[in-house]
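Trainee: Could we go through this model together, with each answer reasoned out before its value or name is given?

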Amino acid sequence: TRNLVIVLGDQLDGNSAAFDGFDPEVDVILQMEVLEEAAYITQHKLRIAYFFASMRHFRQDMTARGRRVHYVAIDHPENSGSFETEIGRAQRLLKPERTIAIEPGDWRVAEKLRRLPQPPEIRSDRHFFCSRDEFAAFTRDHPRHILETFYRFMRKKTGLLMDKAGKPVGSAWNYDDQNRKPLGKDAPTIPPKRASKMDPISAEVRDLVSRRFASSPGRLENIDLPVSRAQALEHLEDFVSRRLPLFGTYQDAMQNGEPFLYHSRLSGPLNLHILSPTEVIKAALRSEEAPLNALEGFVRQILGWREYVRGIYWQRMPHYAEENALDAHLRMPGFYWTAETDMRCLADAITHTIDHAYAHHIERLMVLGLFAMLIGVAPYEVHRWHMSMFWDAIDWVSLPNTLGMSQYGDGGVIATKPYAASGAYINRMSNHCKGCRFDPKKSIGEDACPFTTLYWSFLAKHRQRFSSNGRMRNQYTNLDRKDPDEIRAIRRRADALALEPP
Ligand code: FAD
Ligand code: DLZ
Ligand code: SF4
């Protein structure tokens with residue numbers, strides 16, 4: 001063997017830089033299913049199944065292209081269970097002149113590769129619009145950057161949604177004021193979930209996971225995720241034609257019993273590199289029905305947020321994982337694994353997570369993440385739970401979103417203020433509260449909404465840090481209208497709630 005090309009579970013792109021100069025006569029691909037990656041954090045059955053099924057479909061695609069794959073399946077008798085030992089074993093077996101890999105999506109795995117006795121040559125990942133070097137240059141040129149600075153920079157750099165005169169199409173950079181509608185009574189029918197068909201490879205993986213990972217969290221029944229390039233392209237097409245036109249309008253909406261609404265469910269195939277962000281954006285921009293608020297909203301998520309969080313991750317790791325600006329130390333409440341809570345919004349979002357290894361962005365941020373921040377869970381614990389439970393979680397994307405955006409653990413790097421809100425926000429954006437035993441307007445008393453109690457208590461507790469933040473002025477003005485006795489009662493109830501959430 002001349003080159004041994006390592007393809008990790010989140011690098012399933014046959015045209016990646018690892019394949020530059022690939023010669024099927026003398027080069028071999030190495031793919032490894034290793035127990036350590038499914039066990040270093042306990043993981044949702046669907047998440048494990050999604051990685052294994054996608055990896056096996058990739059092997060099939062590569063073999064069909066005439067490329068040789070050395071594939072170590074999880075139940076291979078000689079599988080030693082970790083990347084280090086399996087790479088070593090393959091190197092001894094195949095005696096390559098060179099081993100090649102793409103930058104992994106996880107700092108922990110990157111370190112493992114770097115420390116190997118025969119470390120691979122690491123190539124930069126072309127999947128992303130913005131390389132790590134470009135991001136470093138961007139932050140040097142824009143020391144006080146926020147997402148919006150980066151997003152505009154990327155719009156200009158790529159020309160996406162830009163007109164010939166170099167102005168944003170439609171003359172505004174964003175249309176967020178049109179993108180905050182709850183579903184409401186006269187909302188259109190939500191399109192049915194797109195389910196990918198079960199083929200023999202996926203069926204085999206389903207049986208394997210239900211056998212080997214029976215005690216892992218989550219349900220496996222909804223194993224209908226897009227695991228191959230063909231399925232992912234069908235999924236993309238389905239999104240563009242049926243959901244994208246209303247994606248913007250209902251981007252922030254929540255509805256009880258509806259996990260997907262108008263969201264794309266493309267994060268999985270994107271993060272495993274089955275789809276490229278360029279082709280996803282181009283497919284969206286070809287839509288003749290989608291209005292500008294939908295197109296711009298969708299492009300911003302992928303060209304803006306997705307690239308921005310990756311840039312921040314690589315720039316700030318490894319210390320980023322340890323940041324804990326609000327000095328929060330609780331563990332995740334047990335109901336995050338069972339959905340057994342009286343809080344209807346949380347029960348619903350956790351049910352979506354258990355059933356589908358998925359919750360949409362506003363559920364992750366403004367229900368699941370919000371409650372954890374308000375009671376004071378340690379930010380890294382929230383990230384660990386997220387890594388356990390979501391099919392699309394890879395360290396580079398989960399950590400900045402969870403520890404940074406949702407928990408304010410990074411002290412304002414990703415978000416300039418904490419996403420703190422009361423039950424009133426959830427009530428405005430969803431139909432959860434009507435059927436809940438709590439009242440989103442109340443902050444004290446038996447039926448007070450825990451979010452509302454905890455919200456006021458959070459503001460009071462962190463007054464020193466946040467009251468001078470201009471973007472939180474209204475929040476503090478409202479807090480200051482409250483009677484000190486009421487605030488004391490709120491804080492007492494908040495302390496009890498944090499210890500024993502209902
Ligand atoms: P859509 O709403 O259809 O959005 C389209 C695409 O935009 C997504 O597929 C995704 O690729 C991209 N995107 C949107 N928002 C973000 C964002 N903030 N960061 C990066 N990409 C974004 N996304 C992940 O891919 N993996 C994660 O582990 C992850 N963890 C998160 C944790 C928390 C606490 C929060 C608040 C957000 C997290 N996100 C994560 C971002 C976002 O919630 C998901 O990308 C999105 O919900 C995936 O569903 P979708 O494909 O239907 O998204
Ligand atoms: C998440 C995951 C799982 C469950 N299993 C594997 C695996 O068996 N082999 C593999 O290559 N990758 C797996 N992954 C993804 C890794 O945990 C990790 O996210 C990537 O290797 C980072 O590049
Ligand atoms: Fe959630 Fe509070 Fe509304 Fe109940 S009342 S659904 S706990 S926001």
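The exchange below concerns a predicted model, and takes up its domains, its sheet and the surroundings of its ligands.

Trainee: Which domains does the domain assignment of the protein chain give?

Mentor: The assignment divides the protein chain into three stretches or combinations of stretches, and domain 2 is written as two segments, 132-191 + 243-316. Taken with their bounds, the domains are domain 1 (3-123), domain 2 (132-191 + 243-316) and domain 3 (334-499).

Trainee: How many residues does the contact take from domain 1 and from domain 2?

Mentor: The C-alpha centres of domain 1 and domain 2 are 31 Å apart. On the side of domain 1 that touches domain 2, the residues comprise two nonpolar, four polar and two charged. The contact itself draws on domain 1 for eight residues and on domain 2 for five residues.

Trainee: What is the order of the strands in the open sheet?

Mentor: The sheet is open, has five strands and shows parallel pairing. S3 (68-72) and S5 (121-123) each have a single partner strand, so each of these edge strands has one side without a neighbour in the sheet. From one strand to the next the twist averages 25 degrees, and the order is S3-S2-S1-S4-S5.

Trainee: Are the residues Asn3, Leu4, Val5 and Ile6 of strand S1 buried or exposed?

Mentor: Strand S1 runs parallel to S4 (residues 98-102), joined by three bridges, and also runs parallel to S2 (residues 28-32), again through three bridges. Within these pairings, Val5 has Ile100 of S4 as its bridge partner, while Leu4 has Val28 of S2. As to the two faces of S1, Asn3 and Val5 lie on one side and Leu4 and Ile6 on the other, and all four are buried.

Trainee: Which strands does helix H2 touch where it packs on the sheet?

Mentor: The direction of H2 makes about 160 degrees with that of S3. Helix H2 (45-64) also supplies at least two residues of the shell around ligand 2. Where H2 packs on the sheet, the strands touched are S2 and S3.

Trainee: Which residues are the closest to ligand 2?

Mentor: The shell around ligand 2 is divided by class into nine nonpolar, three polar and four charged residues. Helix H1 (35-39), like H2, gives at least two residues to this shell. Of the 16 residues that surround ligand 2, the closest are Leu8, Gly9, Glu33, Glu37 and Pro104.

Trainee: Why does ligand 1 lie between domain 2 and domain 3?

Mentor: There are 27 residues around ligand 1, and the closest are His263, Ser264, Gln301, Ala393 and Ser398. By class, this shell holds 10 nonpolar, 13 polar and four charged residues. Its position follows from where the shell originates, because residues come from both domain 2 (132-191 + 243-316) and domain 3 (334-499).

Trainee: Which helix gives the largest share of the shell around ligand 1?

Mentor: Several helices supply at least two residues each, namely H10 (267-271), H12, H14 (361-375) and H16 (395-406). The largest share is six residues, and the helix that provides them is H16.

Trainee: How many C-beta neighbours does Pro333 have inside 10 Å?

Mentor: Pro333 belongs to the loop between helix H12 (292-316) and helix H13 (344-356). Measured against Arg463, from C-alpha to C-alpha, Pro333 is 25 Å away in space and 130 residues away in sequence. Pro333 counts as buried because its number of C-beta neighbours inside 10 Å is 21.

Key:
Residues numbered from 1 in each chain as written. Chains lettered and ligands numbered in written order. Predicted model: local features only at pLDDT ≥ 70, side-chain atom pairs only at ≥ 80, totals over all residues. Near = placed C-beta within 6 Å. Nonpolar A, V, L, I, M, F, W, Y, C, P; charged D, E, K, R; others polar. Buried ≥ 20, exposed ≤ 12 C-beta atoms within 10 Å, placed from the backbone. Domains from an automatic or database assignment. Pairing = 2+ DSSP bridges. Contact = placed C-beta atoms within 7 Å. Axes fitted to C-alpha atoms, helices over the stretch in contact; angles between N-to-C directions.
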